[in-house]
Structure formats: structure tokens, C-alpha cells
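Let's take a walk through a protein model and look at a few of its charged side chains. Keep the picture open while you read.

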Amino acid sequence: MSGENPSVGLAGELTPFGHRLMARVYFADTDFTGVVYHARYLEFLERGRSDFLRLAGVHHTELADGKHGETLAWVVRRMEIDFRQPARIDDIVTVETRTEKISGARIFMVQRLLRGEDVLVEAKVEAAIIGASGKPRRFPKEWVKAFAPAEC
């Protein structure tokens, strides 16, 4: 393993449309019926967004350390979720994340959680970058290329 970064496989993969991450549904993700509890879907979606950032070169620890001139943080401003089908214990699910657009301090993303070809959850996410004061900060120019929507 010399020279390999073990987090790359754990972080999924960048794709032409954005990012893909596979995960297993564990007992802790489910309710007493073995179905994923609705709030746990937010955690799967968060992992997808966080690992998309990581593979694109944006690390939460560097943001917190002020690498970009000040302490920065990502916040979810708005989320719209459609629950289509339930995920169940031991399912292998795929989180797909893509950017729709970037505007000022905001990024608009679309996410899907799939089991095979079946769409389980669809979400639209508006996230923003804020400084330590809580005020919005413009999306850094060097990030635009990493997150720009893929051309169709």
C-alpha cells in the first residue's frame, strides 16, 4: 500500500456527472421493521456530498483551519426530498450526487439514492458557504471547475 491513499476507495468515485458512493445499510440505520428510518437517509446523502467535496479537493478540516484566508463552513440552506421506495437492512445502496448550478455563495445539487437500478430517494439540496461570522461567502473560483455541472 505504499503511496496509496486508503480514503480514496472509501470516498467513492468522481464520475462524468459528479460523484458516486456505495454504502451498506446497517441495523443502526433501520427502525424496528428493518426499513431505513427516514432521518437516516439524510446521513447517506451527507456522506455523498462530503465525499464529493473530498475527492474534488475541498476538505472540511482545511476550511475549518482557514486555508482559504478565513474559517469557512458548508451549511445546508434548503433540502427537498422525495421518498420513493424503502431501503432495508443489508441493502447495498448507491448515492449519486451532481451539481446543477453554482451561484454566488450557493451550490445547488441533485442527489439520488439507488438500490441497483431502483431509485429509492431523490433530493434537491441548496448549500452555502459561510464564514466564522455566519455570513455567506462567495464560492471560491478555484472550486467552480471542480463542481461545475457536467455538459450534456
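What follows is a short tour of one histidine and a handful of salt bridges.

Bear in mind that this is a predicted model.

**A histidine on the inside**

Start with His-19, which belongs to strand E2, covering residues 19-24. Is His-19 buried or exposed? Its relative accessible area is 0%, so His-19 counts as buried, the cut-off being under 20%. Who are its neighbours, then? Setting aside residues within four places in sequence, His-19 touches a list of residues including Gly-12, Leu-14, Phe-52, Leu-55 and Val-95. Ala-11 is in contact with His-19 as well, and here you can zoom in on a particular pair of atoms: the His-19 side chain comes to 2.7 Å from the backbone oxygen of Ala-11. Glu-96 is another of the contacts of His-19, and we'll meet Glu-96 again below.

**Pairs of opposite charge**

Now for the salt bridges. Side chains of opposite charge can pair when their charged atoms come close. How many salt bridges does the model have? The count is 14. Here are three of them, with the N to O distance for each.

| Pair | N to O distance |
|---|---|
| Asp-29 and Arg-40 | 2.9 Å |
| Lys-67 and Glu-62 | 3.4 Å |
| Arg-112 and Glu-96 | 2.9 Å |

Take Asp-29 and Arg-40, which form a salt bridge. Asp-29 sits in the loop between E2 and helix H2 (40-55), while Arg-40 is in helix H2 itself, and the two are 11 residues apart. Asp-29 is buried at 3% relative accessibility, whereas Arg-40, at 22%, is partly exposed. This pair also has company: Asp-29, Arg-40 and Glu-43 are joined in a network of salt bridges.

Next come Lys-67 and Glu-62, whose side chains also meet in a salt bridge. Is Lys-67 buried or exposed? With a relative accessible area of 55%, Lys-67 is exposed. Its partner Glu-62 is partly exposed, at 25%.

Finally, back to Glu-96, which forms a salt bridge with Arg-112. Arg-112 is in strand E5 (residues 106-115) and Glu-96 in strand E4 (residues 92-103), so their bridge ties together parts 16 residues apart in sequence. Arg-112 is partly exposed, with a relative accessible area of 30%, but Glu-96 is buried at 16%. So Glu-96 plays a part in both stories: Glu-96 is in contact with the buried His-19, and Glu-96 pairs with Arg-112.

Notes
Residues numbered from 1 in each chain as written. Predicted model: local features only at pLDDT ≥ 70, side-chain atom pairs only at ≥ 80, totals over all residues. Heavy atoms only, no water. Helix = DSSP H or I, 4+ residues; strand = E, 2+ residues; numbered from the N terminus. Buried < 20%, exposed > 50% of the residue type's maximum accessible area, 1.4 Å probe, protein only. Polar contact = N/O pair within 3.5 Å; in protein donor to acceptor, adjacent residues only side chain to side chain. Contact = heavy atoms within 4.5 Å. Salt bridge = Lys/Arg side-chain N within 4 Å of Asp/Glu carboxyl O.
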